Amino acid sequence: MKKSPYPIWMHCWYWSVDVVGTIVFWRLAFEYDFFWVFTAFGIALPIWVGLETWSLINGVRDEREEQFQRFYSHPVTSKDAWIRVGTMLALFLGLNTWIFYLLGGIANAAPFFFYPLTNFILSTGPAMLWAERGAKGTREGNSVGLQILILAQVTVTWMPPGLGWWTSVSRYLVDRFRLAGVDWDCR
């Protein structure tokens, strides 16, 4: 059985971010005459929600003992795992909706503030899981290729406008962005 490189809680986090993002991007697509970025994200995010759902199904089926055993004194049943997953989905959906609200809500294109920050989850979640598995003497789910891909993704996210993904498509990030804690004025 192949192990996932991502912890189940991370799939729950991204599922909730992408559900809220789907609503936001379709709203923006309608408001801005189906601008291609909003429409592309409106189409892609539900697909991503489906992939996260598939990952959750596989995680509960194949990795529930590893992921949830520390919470139980008995073998983890599928029902136990789904209760944990459902609780995390509800918690993260509420948390991410609240974060979007604090950033100005869906009318303020909050994903352009929030989505780049999700790369911190992308880089730390697998690293913590891999370290935990490494302490048990296994490299299951670890991949040098995936580590390089994560590093490239995080790097491209935070590059200056014209080079970085988010700084290139978002007027919210073009005027000012942070790189290694330094504010760069790009106006």
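**Entry 1: α1 and α2**

I looked up the handedness of the crossing of α1 and α2, and I noted it as left-handed. The model I am reading is a predicted one. Next I took the geometry of the pair. Helix α1 covers residues 8–31 and helix α2 covers residues 36–68. Their axes are 8 Å apart, and the two helices pack at an angle of about 165°. That angle makes α1 roughly antiparallel to α2, because angles over 145 degrees count as roughly antiparallel. I then sorted the residues of the contact of α1 with α2 by class: 19 are nonpolar, 9 are polar and 2 are charged.

**Entry 2: the loop between α1 and α2**

Which residues between these helices have a positive phi without being glycine? I found D33, with phi near 50°, and F34, with phi of about 55°. I wrote these down because most residues other than glycine have a negative phi. D33 has its place in the loop between α1 and α2, and F34 lies in that loop as well.

Is D33 buried or exposed? I read a relative accessible area of 70% for D33, so I entered this residue as exposed; the cut-off for exposed is over 50%. F34 has a relative accessible area of 42%, and I entered F34 as partly exposed.

**Entry 3: α1 and α5**

I checked α1 against a second helix, α5, which spans 118–135. The axes of α1 and α5 come within 10 Å. They cross at roughly 165°, and therefore α1 and α5 are roughly antiparallel to each other. I noted the crossing of α1 and α5 as left-handed.

I also picked out one residue of α5, namely W130. Its relative accessibility is 11%, so W130 counts as buried; buried means under 20%. I looked for the distance from W130 to E140, which is 10 residues away along the chain. The C-alpha atoms of W130 and E140 are separated by 8.0 Å.

**Entry 4: the largest pocket**

I looked up the volume of the largest pocket and got about 730 Å³. Which residues are closest to the centre of this pocket? Among the 24 residues that line the pocket, Y14, D18, W48, L122 and Q153 are the closest to its centre.

Then I asked which elements give two or more residues to the lining. My list has α1, α2, α5, α6 (144–157) and α7 (165–169). The largest share of the lining comes from α2, with 8 residues. Sorted by class, the lining of the largest pocket holds 17 nonpolar, 5 polar and 2 charged residues.

**Entry 5: two C-alpha distances**

I turned to M88, which lies in helix α3, residues 78–102. With a relative accessible area of 17%, M88 is buried. How far apart are the C-alpha atoms of M88 and W9? I read 6.9 Å between them, while the two residues are 79 residues apart along the chain.

I did the same for E65 in helix α2. E65 has 36% relative accessibility, so I put E65 down as partly exposed. E65 and A81 are 16 residues apart in sequence. From C-alpha to C-alpha, E65 and A81 are 8.6 Å apart in space.

**Entry 6: the whole chain**

Last, I went over the protein as a whole. How many helices and strands does its secondary structure have? I counted 8 helices and 2 strands. From the N terminus on, the order of the elements is α-α-α-α-α-α-α-α-β-β. The protein has 187 residues, and 40% of them count as buried. I have two buried residues in my notes, W130 in α5 and M88 in α3.

Conventions:
Residues numbered from 1 in each chain as written. Predicted model: local features only at pLDDT ≥ 70, side-chain atom pairs only at ≥ 80, totals over all residues. Heavy atoms only, no water. Axes fitted to C-alpha atoms, helices over the stretch in contact; angles between N-to-C directions. Helix = DSSP H or I, 4+ residues; strand = E, 2+ residues; numbered from the N terminus. Parallel < 35°, antiparallel > 145°, perpendicular 65-115°, else oblique. Left-handed = near helix turned anticlockwise from the far one by under 90°. Nonpolar A, V, L, I, M, F, W, Y, C, P; charged D, E, K, R; others polar. 1 Å grid on protein atoms, 1.4 Å probe; cavity = no way out; pocket = protein on both sides within 12 Å on 5 of 7 lines; lining within 4 Å. Points joined across faces, edges and corners; volume = space filled by probe spheres on them. Buried < 20%, exposed > 50% of the residue type's maximum accessible area, 1.4 Å probe, protein only.
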